[in-house]
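Let's take a walk through this fold together. Have the model open and rotate along as we go.

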Amino acid sequence: MKFVDEVTIEVIAGNGGNGVASFRREKFIPKGGPNGGDGGRGGSVHAIADDNINTLVDFRYTRIFKAKNGENGKGSDKYGAAAEDIFLKVPVGTLIKNANTNELLADLNKNGDIVTLAKGGRGGLGNLHFKSSVNRAPRQFTLGENGESYKIQLELRILADVGLLGLPNSGKSTLISKISNARPKVADYPFTTLYPNLGVVRVSESNSFTVADIPGLIPGASTGAGLGHLFLRHLTRSLLLIHIVDISSINYEKNLSKIEKDFKDILLELSSYSDDLAQKQRWLVLNKSDLVPDQDIHELEFNIQKKLKWDGPIFTISAITKNGLEKLIYAIHKYLLTIKKN
């Protein structure tokens with residue numbers, strides 16, 4: 001299924017039905033009073049968050065959602081029927097904005113959250129409402145109100161406890177496939193993830209956390225280069241960012257320089273996209289240790305910390321062989337428990 005995380009749609013609520021002017025016309029009652037009924041309410045358009053949906057693909061080809069009009073009132077005190085409302089199911093984590101003003105209308109970040117996108121028009125009044133002691137045969141009635149209509153932008157931001165970031169081919173997809181139930185494409189040739197993957201990491205029967213893997217970032221991603229900029233928004237809700245760095249290289253000195261450049265490139269893209277994103281808690285994970293001689297790993301880790309002036313948590317792993325993954329998983333779980341308690 002194709003992943004779609006942003007779409008613009010048009011929502012049109014139904015018009016209210018018209019009221020009616022009518023009078024009783026029965027045998028032996030030559031001058032019956034007014035009995036015109038009210039018009040029915042027009043249908044409204046709502047959005048509701050559903051955790052069984054994880055993409056906005058259903059809105060890609062159907063862009064206009066129009067509710068029905070309410071029925072007109074009738075004689076004999078008969079009111080017009082109200083039109084049914086329309087409920088659009090969207091993924092949990094969907095931001096809803098007015099496409100013309102960019103005003104945020106709602107953030108549906110919990111299953112079952114609901115918001116009205118366009119309100120149906122009220123039905124008009126029949127002439128029975130205008131009867132009085134001085135106006136016994138009113139011919140007044142009112143028309144139904146028009147329903148609201150808007151252009152709405154739907155923007156999905158994945159709800160994940162942990163976000164993985166790094167350059168293409170740093171091993172993010174391999175990592176998420178080894179620690180969670182996600183099954184992204186992984187191969188032994190260079191390519192990059194084309195859409196986010198979301199996985200659940202099970203620590204025990206009663207404890208788990210979610211991880212999101214976004215397409216690899218390249219220099220200029222925040223301004224439109226590559227695919228990563230399209231998905232940086234998915235990291236904004238994460239409680240923890242895992243910055244994965246590829247440490248595999250034949251030439252040790254060149255490797256240190258490359259790691260420093262890769263690290264700074266990612267940090268620049270985060271800062272360019274959002275200060276809040278750049279300030280999020282971030283851990284450094286050195287991946288592909290299986291391609292580094294054992295005697296060089298500790299020295300490499302020490303020199304990386306020194307060169308990057310990194311004083312935060314650092315882990316050395318091999319996603320492909322699972323070396324170091326258990327230590328990383330339990331450290332993440334412990335950190336998340338602390339954050340969520342506070």
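Start by finding L284, which sits across from I314 of β14. This is a predicted model, and that residue pair is a handy way into one of its sheets. L284 belongs to β13, residues 282-287, a strand that runs parallel to β14 and is joined to β14 by three bridges.

Now zoom out to the sheet around them. It's an open one made of six strands, with mixed pairing, and you can read the order off as β10-β11-β9-β12-β13-β14. Going from one strand to the next, the twist averages 25°. β10 (197-202) and β14 are the edge strands; each has a single partner, so one side of each has no neighbour in the sheet.

What packs on this sheet? Helix α1, residues 172-179, does, touching β9 (162-165), β10, β11 (208-213) and β12 (240-246). The direction of α1 makes about 160° with that of β11. Then there's α5, which also packs on the sheet and touches β9, β10, β11, β12, β13 and β14. Its direction is at about 175° to that of β13.

Head over to the β10 edge next. In a regular strand, side chains alternate between the two faces of the sheet. β10 shows a covered face with N197, G199 and V201, while L198, V200 and R202 make up the uncovered one. β10 runs antiparallel to β11, and six bridges join the two. One of the facing pairs is V201 with F209, its bridge partner in β11. The connection from β10 to β11 is a hairpin through five residues.

Back at the other edge, look at the loop between β14 (314-316) and α5 (325-341), where you'll find G324. With a relative accessible area of 27%, G324 is partly exposed. Setting aside neighbours within four places in sequence, G324 is in contact with T316 and I317. Its C-alpha atom lies 9.6 Å from that of N287, although the two are 37 residues apart along the chain.

While you're looking at rings, a search of the whole structure turns up four aromatic pairs. For F59 and F65, the ring centres are 5.6 Å apart and the planes are at 65°, so this pair counts as edge-to-face. Both of these residues, F59 and F65, are buried. Elsewhere, W283, F315 and Y335 come together as one aromatic cluster.

On to the charges: there are ten salt bridges in the whole structure. One of them pairs K89 with D50, with their closest N and O atoms 3.9 Å apart. K89 is in strand β4 (residues 86-91) and D50 in strand β2 (residues 45-50), so to speak distant parts of the chain, 39 residues apart. Is D50 buried or exposed? It's buried, at a relative accessible area of 13%.

Another salt bridge brings R237 and D107 together at 2.8 Å, N to O. R237 is in the loop between β11 and β12, and D107 is in strand β6 (residues 104-108), so this pair ties together parts 130 residues apart in sequence. D107 is partly exposed, at 31% relative accessible area. A third example, K307 with E260, has an N to O distance of 3.8 Å. Here helix α4 (residues 294-308) supplies K307 and helix α2 (residues 252-273) supplies E260, so the tie spans 47 residues of sequence. K97, E155 and R157 form one network through salt bridges that share partners.

To finish, take in the whole chain, with its five helices and 14 strands. Of its 342 residues, 47% count as buried.

Key
Residues numbered from 1 in each chain as written. Predicted model: local features only at pLDDT ≥ 70, side-chain atom pairs only at ≥ 80, totals over all residues. Heavy atoms only, no water. Helix = DSSP H or I, 4+ residues; strand = E, 2+ residues; numbered from the N terminus. Buried < 20%, exposed > 50% of the residue type's maximum accessible area, 1.4 Å probe, protein only. Phe/Tyr/Trp six-rings, centres within 6.5 Å; stacked < 30°, edge-to-face > 60°. Contact = heavy atoms within 4.5 Å. Pairing = 2+ DSSP bridges. Axes fitted to C-alpha atoms, helices over the stretch in contact; angles between N-to-C directions. Salt bridge = Lys/Arg side-chain N within 4 Å of Asp/Glu carboxyl O.
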